[in-house]
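Hi,

Here is the structure I promised to pass on. Have a look at it first, and then read my notes underneath.

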Amino acid sequence: MSRKLLIAGNWKMNGLVAEGTNLAKGVAEAVKKAGKVECEFLVCPPFTLLSNVKKALRGAKVNLGAQDCHFAEKGAHTGDISPVMLKDIGCQYVILGHSERRTDHYESNELVNKKAQAAHTAGLKTVICVGETLSEREAGKALEVCTKQIIESVPEDSTSSNTVIAYEPVWAIGTGKVPTTKDVEEVHAAIRKTLAKKLGKGNANKMRILYGGSVKPNNAKELLSLEDVDGALIGGASLKVEDFMGIAKNSGAF
Ligand code: PGA
């Protein structure tokens, strides 16, 4: 089953206008220079940079995404951004249910599901994140936790065209620690099996499942060549053009 690798940068809460615009320009230039690539690129800057980054990416094959959205189309939700607004400003994607949102903003599976449905209705693709904490992993509950998150967070209207899953063990995010390749394979396979039960085999086989958590150029080859790993969601290393592109290069994309 050939699934196009997705190399996605999650910039998190980083970048003032000048810095973020420069980073986007750097990515655009590097992607143009790489020529024909066997992957799809995505960058997800903070809301404040979306417009500038969109302009900076002009002419380069790099998609634009946001890091969260509300489920409503518009209205009395102070401080929130709707999926329709993201679509309007030129986003193709939105990340939902990142562990930092689940922790800092108490986002539940049900809320992530509702947001994802709204994003799909607005014409956005979603990157829905799941992953276990260290104590859950140590208690032998990683598969159970991730499976439950998939069942409850992924809406019924999800297809391989509008949804990407990201498996991000919470304890691997920003820590430099990564699970063993065997553990990554095991969780990815369990996720695909759960998706097959929920959305049918056709969708499950075509849906991309990214790995995220301390992906760097020096571990990209090993992680991204695993069965059922269809790309990476990259935090820290997406803030440096060489590292972001190095991950794509070492994964064999060009
Ligand atoms: P990291 O973050 O690459 O800095 O570990 C990944 C993420 O949180 O998406």
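Below is what turned up, going from the strands to the empty spaces and then to the cysteines.

One thing to keep in mind is that this is a predicted model.

**The strands**

A good place to start is strand β3, which covers residues 62-66. Four of its five residues are buried, so β3 is largely enclosed by the rest of the structure. On one side of the pairing list is β2 (39-44), which runs parallel to β3 and is joined to it by three bridges. If you want a spot to click on, L42 has N63 in β3 as its bridge partner. Between these two strands comes helix α2 (residues 50-56), and β2, α2 and β3 together make a right-handed β-α-β unit.

β3 also pairs with β4 (residues 93-96). These two run parallel as well, with two bridges between them. Here you can find G65 opposite Y93 and A66 opposite V94. The linking helix is α3 (residues 83-89), and β3, α3 and β4 form a right-handed β-α-β unit.

Which way do the side chains of β4 point? Y93 and I95 go one way, while V94 and L96 go the other. That fits the general pattern: in a regular strand the side chains alternate between the two faces of the sheet. Whichever way they point, all four of these β4 residues are buried.

From β4 the pairing carries on to β5 (residues 125-130), in the parallel sense and over four bridges. L96 sits opposite I128 there. V130 belongs to β5 too, and it is buried, with a relative accessible area of 3%. Although V130 and G97 are 33 residues apart along the chain, their C-alpha atoms are separated by 7.1 Å.

**The cavity**

V130 and G97 come up again in the next part, as both help to line the largest cavity. How many cavities of 30 Å³ or more are there in the whole structure? The search finds one, and the volume of the largest cavity is about 40 Å³. Besides G97 and V130, its lining is made of H98, S99, R102, C129, G131, Q149 and E168. Helix α4 (99-104) and strand β5 each supply at least two of the lining residues. By type, the lining of this cavity splits into two nonpolar, five polar and two charged residues.

**The pockets**

Then there are the open spaces. The largest pocket has a volume of about 450 Å³. It is lined by 21 residues, and those closest to its centre are F47, Q67, D68, R101 and H105. Which element gives the most to this lining? That is α4, with three residues. The lining of the largest pocket holds eight nonpolar, seven polar and six charged residues.

The second largest pocket comes to about 230 Å³. Of the 14 residues around it, K4, V31, V37, C39 and K61 are the closest to its centre. Helix α1 (17-34), β2 and β3 each bring at least two residues to the lining of this second pocket, with β2 giving the most, at three. The lining of the second largest pocket divides into six nonpolar, three polar and five charged residues.

**The cysteines**

Last, the disulfides. A pair of cysteine sulfurs has to be within 2.5 Å to count as one. How many disulfides does that give? The count comes to zero. C69, for instance, is in no disulfide, and its nearest cysteine sulfur, in C91, is 9.7 Å away. C69 is also buried, with a relative accessible area of 1%.

Why is C146 not bonded to C129? The sulfur of C146 is 11 Å from that of C129, its closest cysteine sulfur, and that is too far for a bond. C146 is buried as well, with a relative accessible area of 1%. You have already met C129 above, in the lining of the largest cavity.

If you want a quick tour in the viewer, follow β4 from Y93 to L96, step across from L96 to I128 in β5, and finish at the cavity lined by C129 and V130, among others.

Best wishes

Notes:
Residues numbered from 1 in each chain as written. Predicted model: local features only at pLDDT ≥ 70, side-chain atom pairs only at ≥ 80, totals over all residues. Heavy atoms only, no water. Buried < 20%, exposed > 50% of the residue type's maximum accessible area, 1.4 Å probe, protein only. Pairing = 2+ DSSP bridges. Right-handed = clockwise from strand over helix to strand, strands pointing away. 1 Å grid on protein atoms, 1.4 Å probe; cavity = no way out; pocket = protein on both sides within 12 Å on 5 of 7 lines; lining within 4 Å. Points joined across faces, edges and corners; volume = space filled by probe spheres on them. Nonpolar A, V, L, I, M, F, W, Y, C, P; charged D, E, K, R; others polar.
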